[in-house]
Amino acid sequence: MRKLWRLAALTAVATLAAVAACAPVSNKTATPTSDKCAKDVLGTMYPGILTFGTDQPVYPPWYMGDNPASGEGYEAAVAYAVADKMKYARDDVRWVRVPFNAALAPGPKAFDANLSEFSITEQRKAAVDFSSPYFNVTQAVVTVKSSRAATVKTVHELRTLRLGVQVGTTSYTAATSMDGAVPVEVYNTNGDAKMALSNGEIDALVADLPTAFAVANELRDGLMVGQLPSAADNVEQLGIVLDKGSPLTRCVSWAIDTLRGDGTLGKLEHRWLTDAGKAPVLT
């Protein structure tokens with residue numbers, strides 16, 4: 001009986017070891033490294049596939065032609081760079097479309113990771129995980145030459161204008177944080193806000209700086225008004241969104257940190273986000 005018990009115990013130990021060897025890496029306990037953050041050990045939604053989410057539509061310079069799978073645009077390029085760091089080939093990446101607010105809502109996600117210009121905030125951290133930041137961003141104001149916003153030089157002057165923003169964004173927070181400002185118009189997408197600006201329904205649109213440049217270039221007689229000032233100790237940063245408690249969070253952060261360290265993020269910023277120096281800061 002003792003021999004049989006020892007044989008059963010050894011069999012159980014071997015079985016547990018085999019299961020542990022095949023189980024996905026838990027990034028909560030393991031220090032992220034290239035071998036622990038690789039395709040063959042990560043527990044994604046679909047084995048061997050990394051599913052990225054983004055909004056619909058998406059705009060330059062973050063995505064080009066509303067086609068994230070092209071890899072063109074800053075966030076699309078970052079997504080594929082992250083995938084590559086974790087040894088996912090281009091064909092191993094799939095994309096799904098998720099509305100901005102739905103991606104930030106509590107509960108299971110339809111993606112492994114999502115890039116939709118999500119600013120990292122403590123409030124959002126209660127519902128989702130964020131990766132390490134991949135971009136520091138400021139908010140900016142864009143208008144058309146025929147608007148009364150075209151001559152604005154100060155934040156004080158903005159307070160009497162009709163401003164438009166996309167719902168649920170930090171652009172809304174920035175636009176509504178000005179004391180004494182008129183009510184801000186809220187739109188489902190930046191595209192809707194851009195249309196409202198073209199039609200004269202609003203005087204100016206508030207968006208993150210790269211998006212504001214893109215809008216100014218797309219609008220007939222589009223004009224960059226300037227950047228909203230930000231506190232030195234409160235830099236707004238964009239992060240990749242993952243499900244709350246996702247086992248992938250630490251590996252995605254490791255990939256972002258590695259891409260920053262080896263200069264890849266800097267090169268991608270230079271390629272896709274080169275106009276940041278052309279917008280004056282409003283006083």
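This passage describes the fold, one buried strand, and the internal and open spaces of a predicted model. Residues are numbered from 1 along each chain as its sequence is written, and side-chain values use heavy atoms, with hydrogens and water left out. Local features need pLDDT of at least 70 and side-chain atom pairs pLDDT 80 or more, whereas totals for chains, interfaces and linings use all residues.

The chain contains 10 helices and 12 strands, taken as DSSP runs numbered from the N terminus (helices H or I, at least four residues; strands E, at least two). Of its 283 residues, 48% are buried, that is, under 20% relative accessible area with a 1.4 Å probe, protein chains only. Contacts (heavy atoms within 4.5 Å) with a separation of 6 or more come to 71% from residues 24 or more positions apart. The accessible surface of the chain is about 14,000 Å², and carbon and sulfur atoms hold 56% of that surface; the areas come from the Shrake-Rupley method with a 1.4 Å probe.

Strand β9 (residues 204-208) is mostly covered, with five of its five residues buried. Pairing requires at least two DSSP bridges between two strands. Strand β9 pairs with β6 (residues 139-144) in the antiparallel sense over four bridges, where A140 stands opposite A207. With β7 (residues 163-166), β9 pairs in the parallel sense over two bridges, and here L163 stands opposite A204.

Cavities and pockets were sought on a 1 Å grid over the protein atoms alone: a cavity is a set of points where a 1.4 Å probe fits but cannot get out, a pocket is an open set with protein on both sides within 12 Å along at least five of seven lines, and lining residues have an atom within 4 Å of a point. Grid points are joined across faces, edges and corners, and a volume is the space filled by probe spheres set on the points.

Two cavities of 30 Å³ or more are present, and the largest holds about 230 Å³. It is lined by 21 residues, of which S116, E117, Q166, N190 and D208 are closest to its centre. Elements α6 (170-176), β9 and β11 (236-238) each give two or more residues to this lining, which divides into seven nonpolar, nine polar and five charged residues.

The largest pocket has a volume of about 700 Å³. Among its 26 lining residues, T170, T173, A174, N234 and E236 lie nearest the centre. Its lining draws at least two residues each from α4 (122-125), α6 and β11, with the largest share, three residues, from α6. The lining of the largest pocket comprises 11 nonpolar, 13 polar and two charged residues; Ala, Val, Leu, Ile, Met, Phe, Trp, Tyr, Cys and Pro count as nonpolar, Asp, Glu, Lys and Arg as charged, and the others, Gly among them, as polar.

How values were computed. Buried < 20%, exposed > 50% of the residue type's maximum accessible area, 1.4 Å probe, protein only.
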